Amino acid sequence: MCGRYAASRGPEDLAGIFEIEKWEPEEALDPDFNVAPTKEVYVVLDRPVKDAQDPGPVRQLRRLKWGLIPSWSKTPEGGARMINARAETVHEKPSFRRAFTSRRCVIPADGYYEWVTGTGERDLEVEGKKKRPRKQPYFVLPADGSVFAMAGLYEFWRDKTLPDDHPRAWWVTCSVITTEAETSPLAVAPEEGPRSLADIHPRMPLMLTPDRWDAWLDPSRTDVEDVRSLLAPPPEGLMRAYPVSTMVSNVRNNGPELLKELEGPEEGTLF
C-alpha cells in the first residue's frame with residue numbers, strides 16, 4: 001500500500017523533470033516530509049486548459065487532495081479511504097474505472113514510507129494479543145536519487161450544497177495505484193533487515209519510469225486493455241530501502257530529519 005510519502009521537490013524542479021507547460025505560483029506547496037492522506041499534493045496531468053485557443057491537452061502541475069472522491073459520491077467523507085487503487089482491479093472497481101480510462105496522473109515523490117509487516121507481528125495477531133507491536137518504518141526510494149513517479153488517478157466531485165461560483169463547489173482529488181511488492185533483491189539493502197521490498201510489505205506504489213510517463217498521461221488512450229498494459233511493474237533492481245526513525249509514525253512530525261538513515265532498526269521495533 002501507500003499511506004505516507006515524502007515530497008520535497010519544488011515546482012521549478014518538477015517543471016523541469018516532467019516538462020510542465022503550466023503551473024500557478026500561488027499553488028506552490030511547502031516541502032513535505034510526511035505526506036499523509038487528505039493532504040494537498042502535487043500531481044502531473046495532461047488536460048486541456050479552459051478557454052485556451054488550442055483545445056489539445058497541456059502538461060500541468062496541479063495541487064490536488066489525496067483521497068479520491070468518486071464523481072457519483074453523495075458526500076466527500078469516503079475520500080480518506082480511497083488513497084490507493086489496486087493495479088489488479090482498478091479497471092473494474094466503480095470508484096476508479098472511469099478515471100482509469102480518462103483521468104490518469106503522476107504523483108511525484110522523493111520516496112515512500114512503509115512499516116514492516118514482520119513474522120513477530122503476525123504471530124502476536126494469531127495469538128490474539130491486543131497490544132500491537134511497534135513497527136519499524138523504512139524509507140523506499142530510487143537508488144539513483146531520481147524522482148519516484150507514482151502512477152495515480154484523479155477525479156472531479158461537485159458539492160451540490162454550494163452555488164456554482166463558490167470556490168469549494170468543485171473538489172479535485174487523487175489516488176495512488178499500488179501493485180505487488182518486488183521480491184527481487186534491493187539495489188541497496190540495509191545491513192540488517194529486509195533484502196527485498198516484499199520483505200517489508202506485500203504492496204508498493206506502482207512506479208512509472210520516464211519512458212512511460214507520456215503514455216500514462218495521454219488522455220486519448222481510453223481503451224481499457226491498452227491502459228492496463230501500462231500497469232506493468234518497473235524493471236527490478238531500481239530501489240533501495242533503509243530504516244528511519246519511528247517519529248514518522250506521528251503525522252504531526254515533519255522535517256528532513258525523518259529521512260535520516262538509521263544504522264539499524266530502532267530498539268523495540270519489529271523486523
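## A tour from Thr38 to the aromatic rings

Start by selecting Thr38, which is partly exposed, with a relative accessible area of 43%. (Buried means under 20% relative accessible area, exposed over 50%, and partly exposed in between, using a 1.4 Å probe and protein chains only.) The model you have open is predicted: local features need pLDDT of at least 70 and side-chain atom pairs count only at pLDDT 80 or more, while totals for chains, interfaces and linings use all residues. Residues are numbered from 1 along each chain as its sequence is written, and side-chain values use heavy atoms, leaving out hydrogens and water.

**Two loop residues with positive phi**

Stay on Thr38 for a moment. Thr38 sits in the loop between S2 and S3. (Helices, H or I of at least four residues, and strands, E of at least two, are DSSP runs numbered from the N terminus.) Although Thr38 is not a glycine, its phi is positive, near 80 degrees. Most residues other than glycine have a negative phi.

Now go to Glu19, in the loop between helix H1 (11-18) and strand S2 (32-35). Glu19 also has a positive phi, about 55 degrees, without being a glycine. Is Glu19 buried or exposed? Glu19 is exposed, with a relative accessible area of 60%.

**Strands S3 and S4**

Next, colour strand S3 (40-47) and strand S4 (58-66). S3 and S4 run antiparallel and are joined by eight bridges. (Two strands pair if DSSP finds at least two bridges between them.) To see one of these contacts, select Tyr42, whose bridge partner in S4 is Arg63. S3 is mostly covered, with six of its eight residues buried.

**The largest pocket**

Turn on a surface view and look for the largest pocket, which holds about 680 Å³ of space. (On a 1 Å grid over the protein atoms alone, a cavity is a set of points where a 1.4 Å probe fits but cannot get out; a pocket is an open set with protein on both sides within 12 Å along at least five of seven lines, and lining residues have an atom within 4 Å of a point. Points are joined across faces, edges and corners, and the volume is the space filled by probe spheres set on them.)

Which residues are closest to the centre of the largest pocket? Select Glu27, Arg62, Phe156, Trp170 and Val172, the closest of the 21 lining residues. S3, S4 and strand S10 (170-180) are the elements that each give two or more residues to this lining. S4 supplies the largest share, six residues. By class, the lining has ten nonpolar, one polar and ten charged residues. (Ala, Val, Leu, Ile, Met, Phe, Trp, Tyr, Cys and Pro count as nonpolar, Asp, Glu, Lys and Arg as charged, and the others, Gly among them, as polar.)

**Strand S10 and its partners**

Now highlight S10. Nine of its eleven residues are buried, so the strand is mostly covered. Visit its partners one by one:

- S4 runs parallel to S10, with two bridges between them; look for Lys65 opposite Thr173 in S10.
- Strand S5 (residues 84-86) is also parallel to S10, joined by three bridges; Asn84 stands opposite Val176.
- Strand S9 (residues 148-158) pairs with S10 in the antiparallel sense over seven bridges; Leu153 has Ser175 in S10 as its bridge partner.
- Strand S11 (residues 203-205) pairs with S10 in the antiparallel sense over three bridges; Glu180 has Arg203 in S11 as its bridge partner.

Pause at Arg203, which is buried, with a relative accessible area of 9%. Draw a distance from its C-alpha atom to that of Ala6: they are separated by 18 Å and lie 197 residues apart along the chain.

**Rings and charges**

For the last stop, show the aromatic side chains. How many aromatic pairs does the structure hold? There are nine. (Rings of Phe, Tyr and Trp, for Trp its six-membered ring, pair if their centres lie within 6.5 Å; planes under 30 degrees apart count as stacked, over 60 as edge-to-face and the rest as tilted.) One of them is the tilted pair of Tyr113 and Phe139, 5.0 Å centre to centre with 50 degrees between the planes. Tyr113 lies in strand S7 (residues 111-115) and Phe139 in strand S8 (residues 137-142), so this pair ties together parts 26 residues apart in sequence. Both Tyr113 and Phe139 are buried. Add Trp115 and Tyr242 to your selection: with Tyr113 and Phe139 they form one aromatic cluster.

Finish with two charges over rings. (Here NZ of Lys or CZ of Arg is within 6 Å of the ring centre and within 35 degrees of the ring normal.) Arg168 has its charged end over the ring of Trp171, 4.6 Å from the centre. Arg104 lies over the face of Trp216, at 5.6 Å from the ring centre.
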